[in-house]
Amino acid sequence: MSAHVEGNKESSATVATSGLKVVRRNIPEVDTDAFAVSVRAAQARDPAKLEQQMAAALKLQTLHTGR
């Protein structure tokens, strides 16, 4: 699913386990890994800047996690 992303990534098992926990607890939204947490934080700090960064990133062949 994220083979095109370079850098350290959480294992599929870690993400799946997190996802299953929140489903069982009926939590509507969760950040399952460090990258998701960083994106949510960037959204809270400066949504316009994050939008620009994401738009620019979509034009790239390879995305980077930053880690």
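Biologist: In this predicted model, where is the place of T65?

Modeller: The model is a prediction. Strand β2 covers residues 63-64. T65 therefore has its place beyond that strand, in the segment after β2.

Biologist: Is T65 buried or exposed?

Modeller: The relative accessible area of T65 is 16%. A residue counts as buried when that value is under 20%. T65 is therefore buried.

Biologist: Which residues does T65 touch, not counting those up to four places away in sequence?

Modeller: V5 is 60 residues from T65 along the chain, yet their C-alpha atoms are separated by 6.9 Å. V5 is also one of the residues that T65 touches. With residues up to four places away in sequence left out, the full list is V5, E6, G7, N8, K9 and F35.

Biologist: What pattern does the chain follow along the sequence?

Modeller: The chain contains three helices and two strands. Read along the sequence, these elements give the pattern β-α-α-α-β.

Biologist: What share of the contacts between residues at least 6 apart in sequence joins residues at least 24 apart?

Modeller: The pair T65 and V5, 60 residues apart along the chain, is in contact. For the chain as a whole, contacts between residues at least 6 apart were considered. Of these, the share joining residues at least 24 apart is 53%.

Biologist: How many residues of the chain, as a percentage, count as buried?

Modeller: The chain has 67 residues, and its accessible surface comes to about 5600 Å². Carbon and sulfur atoms account for 56% of that surface. T65 is buried; over the chain, the buried share is 9%.

Biologist: Which residues are linked in a network of salt bridges?

Modeller: The structure holds two salt bridges. In one, E29 pairs with R40, with the closest N and O atoms 3.1 Å apart; this pair joins E29, in the loop between α1 and α2 (34-45), to R40 in helix α2, 11 residues apart. In the other, the side chains of R40 and D31 meet at 2.6 Å, N to O. The network thus consists of E29, D31 and R40.

Biologist: Which of E29, R40 and D31 is exposed?

Modeller: R40 has a relative accessible area of 37% and is partly exposed. D31, at 26%, is also partly exposed. A value over 50% is needed for a residue to count as exposed. At 56%, the exposed residue is E29.

Biologist: What distance does helix α1 reach from its first C-alpha to its last?

Modeller: Helix α1 spans residues 12-24, which is 13 residues. At 1.5 Å a residue, 18 Å is expected. The reach in the model is close to that expectation, at 18 Å.

Biologist: Which residue just after α1 takes a positive phi?

Modeller: Most residues other than glycine have a negative phi. The residue in question is not a glycine, yet its phi is about 60 degrees. Its place is in the loop between α1 and α2, and it counts as exposed at 69% relative accessibility. The residue is N26.

Biologist: In which element is confidence lowest?

Modeller: The mean pLDDT of the chain is 84, and 90% of its residues reach 70 or more. Confidence is highest in α2, at a mean of 91. Where pLDDT is low, the predicted coordinates should not be read in detail. The lowest mean, 64, belongs to β2.

Note on methods:
Residues are numbered from 1 along each chain as its sequence is written. This is a predicted model: local features need pLDDT of at least 70, side-chain atom pairs count only at pLDDT 80 or more; totals for chains, interfaces and linings use all residues. Side-chain values use heavy atoms; hydrogens and water are left out. Helices (H or I, at least four residues) and strands (E, at least two) are DSSP runs, numbered from the N terminus. Buried means under 20% relative accessible area, exposed over 50%, partly exposed in between (1.4 Å probe, protein chains only). Contact means heavy atoms within 4.5 Å. Accessible areas come from the Shrake-Rupley method with a 1.4 Å probe; for residues, only the protein chains shown count as cover. The expected span of a helix is 1.5 Å times one less than its number of residues. A salt bridge is a side-chain nitrogen of Lys or Arg within 4 Å of a carboxyl oxygen of Asp or Glu. pLDDT is the predictor's confidence in each residue, from 0 to 100.
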